[in-house]
Amino acid sequence: MDISRIIEITNTALEVEFELDPKKLVPEAHIRDDLGLDSLDIVDMVIVLEKAFQIKLTNKKELSTLFTLGDIYGFLETIRDSNIDQE
Amino acid sequence: MHNVVITGVGAISVLGTDHESIAHALYNASCGIIADETRRSNGFRSVLTGAIPNFDASLHLNRKQRKSMPEFAQQAYVALMQAISQAQLPEELIKSEDCGIIFSNDSTAASAFALAEEKRLQGENTSLGSGHIFKIMNSTVSMNIGAMLGVKGASWTVSSACSGGLLAVSQAVDAIRLGRQNVMLCGGAQELGPEGVCAFDGLSAFSVNLDPKTASRPFDKLRDGLVPSGGAAALVLESEEHAKKRGAHILGRILGTGYSADGQDLVVPSHQGIALAMKRALKDAHLQAKDITEINAHATSTIVGDISEAINIYSVFGDACPKVMTLKSLTGHEFWMSGASQLVYATLMAQRGFTAGTPTFSEGDEHTKNLPVLQKTLSQAPKRMLCNAAGFGGSNACVIVGYHE
């Protein structure tokens, strides 16, 4: 799975779950400040990403270091080889 | 002590989802009960249920807001927004410490069923998502709506089975009377799905009448049980001076409240319990029984419950009983919502100058035959109405409201 596919899946999952404007889904968008997600939303964000990518994320310590969409794309890219099903 | 007035009402009901549709159904005695055959395959003894027409919460609440609210809480929000709109309450007043919220709710079973299924599927708690915890709590209505509207005063839920709707209103009244709040948002909500009432159906308490339009027949000799129903009802209450100062239109006045407990049985109402609540409400209102012009009875259409209420009413009013409204003939039993909804329905009638009749009543049994049950809709508004509610455990409530006084 290449990075463009990771971005596409991530954006679609977040757009549907949080009724976000797709125009706001840019790599520099801050999850809390720009997209308006709160602590409860972030619990659900992890779950929708787990479902979208068929991986387990809840125990990953790196989650606390993700602040922007770009951080999320990068994080998912780093674990793709070990976790994400190859297409 | 401050006088308390009603300045707004709203409901999402089996009679309709706005003031006009509900008033139209009340005036025309249009029943909101259906036969839902899926209940039979779902193990139900009775297929009867109230049904809410055309409610779409997504028109009012976004996905995130709905995530933490069961459907009845969403209905409570919309009902409350109707009441707030009618009262023309400014947003800054709702968000101030002068405003509180108290709602009645006593179950959220469908949410618990959904959580149990999700837990079975997911196993790990971290995969359950954020919404369940806020949906499975009895305080889900006051919790969600209070936070959403920014209420800074009282914020809690009353759980007392089917007396809860009136007791939530009564607590709101007390908060205003004592000067602790100037404005109170109050009411009751009741889940409508099969999960919340399946165990109740198991007690054989529901009607099995084949015609849903004649199944709920309070005080009638042919009644064979209640019909489960639900939705949400909401009121805006204010101190009279507060309402007048901001130029609000006063829809009615809370003249008195009373409560009591049977202290006797889980399900069988006593022959004295709700009479005490009525007497206390009369005393609180500085009224005598002869001053009451209408009784808005609890009257659920159960065989035993209606007999008990009739005996209680006789003991307070004797042979001079005013006309008796039995609105559950049209709605079914709205349980935790019912007392509040009866006040909302009566207020809508008062605004439009009529009192709804009970077409399913034809003749009482030996205990109810002398009750002057109002059969046909009257072109006359309720004036000084006493409203009853009674719940499991023998919890009783009574509120007296004055209209056009």
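Me: What makes strand β4 (residues 99-104) of chain B largely enclosed by the rest of the structure?
Reply: In this predicted model, 6 of the 6 residues of β4(B) are buried, so the strand is largely enclosed. Buried means that 20 or more other C-beta atoms lie within 10 Å of a residue's own. Cys99(B), Ile101(B) and Phe103(B) point one way, while Gly100(B), Ile102(B) and Ser104(B) point the other way, and all are buried.

Me: How do you know which strands β4(B) pairs with?
Reply: Pairing takes at least two bridges. β4(B) has 6 bridges to strand β6 (residues 183-190) of chain B, and the two run parallel. It also has 4 bridges to strand β5 (residues 155-158) of chain B, again parallel. Both counts meet the cut-off, so both are pairs. Gly100(B) stands opposite Met184(B) in β6(B). Ile102(B) has Trp156(B) of β5(B) as its bridge partner.

Me: What lies across these strands?
Reply: Helix α8 (residues 140-149) of chain B lies across β4, β5 and β6 of chain B. It runs at about 155 degrees to β4(B). Angles over 145 degrees count as roughly antiparallel, so α8(B) is roughly antiparallel to β4(B).

Me: Why are β5 and β10 of chain B called edge strands?
Reply: Each pairs on one side only. The open sheet has 10 strands, in the order β5-β4-β6-β7-β1-β8-β12-β11-β9-β10 (chain B), and its pairing is mixed. From one strand to the next, the twist averages 25 degrees.

Me: What makes strand β12 (residues 395-402) of chain B largely enclosed?
Reply: 8 of the 8 residues of β12(B) are buried, so the rest of the structure largely encloses it. Ser395(B), Ala397(B), Val399(B) and Val401(B) point one way; Asn396(B), Cys398(B), Ile400(B) and Gly402(B) point the other.

Me: How do you know which strands pair with β12(B)?
Reply: Strand β8 (residues 252-261) of chain B is joined to β12(B) by 8 bridges and runs antiparallel to it. There, Ala261(B) has Ser395(B) as its bridge partner. Strand β11 (residues 384-391) of chain B also pairs with β12(B) over 8 bridges, in the antiparallel sense. Met385(B) is partnered by Val401(B), and Leu386(B) by Ile400(B). At least two bridges are needed, so both count as pairs. The hairpin of β11(B) and β12(B) has 3 residues between the strands, and Gly393(B) takes a positive phi near 80 degrees.

Me: How do you know that the buried residues of helix α1 (residues 19-27) of chain B line one face?
Reply: The buried residues are His19(B), Ile22(B), Ala23(B), Ala25(B) and Leu26(B). Seen down the axis of α1(B), they fall within an arc of 160 degrees, so they line one face of the helix. Their cover includes β1 (4-12), α4 (71-87), α15 (328-331) and α16 (338-352) of chain B.

Me: Why is helix α9 (residues 164-177) of chain B called roughly perpendicular to α16(B)?
Reply: Their axes come within 4 Å and cross at roughly 70 degrees. The range for roughly perpendicular is 65 to 115 degrees, so α9(B) is roughly perpendicular to α16(B). Gly165(B), Leu166(B), Ala168(B) and Val169(B) of α9(B) meet Ser338(B), Gly339(B), Ala340(B), Ser341(B) and Leu343(B) of α16(B). By class, this contact has 5 nonpolar, 4 polar and no charged residues.

Key. Residues numbered from 1 in each chain as written. Chains lettered and ligands numbered in written order. Predicted model: local features only at pLDDT ≥ 70, side-chain atom pairs only at ≥ 80, totals over all residues. Buried ≥ 20, exposed ≤ 12 C-beta atoms within 10 Å, placed from the backbone. Arc of directions from axis to C-beta. Contact = placed C-beta atoms within 7 Å. Axes fitted to C-alpha atoms, helices over the stretch in contact; angles between N-to-C directions. Parallel < 35°, antiparallel > 145°, perpendicular 65-115°, else oblique. Nonpolar A, V, L, I, M, F, W, Y, C, P; charged D, E, K, R; others polar.
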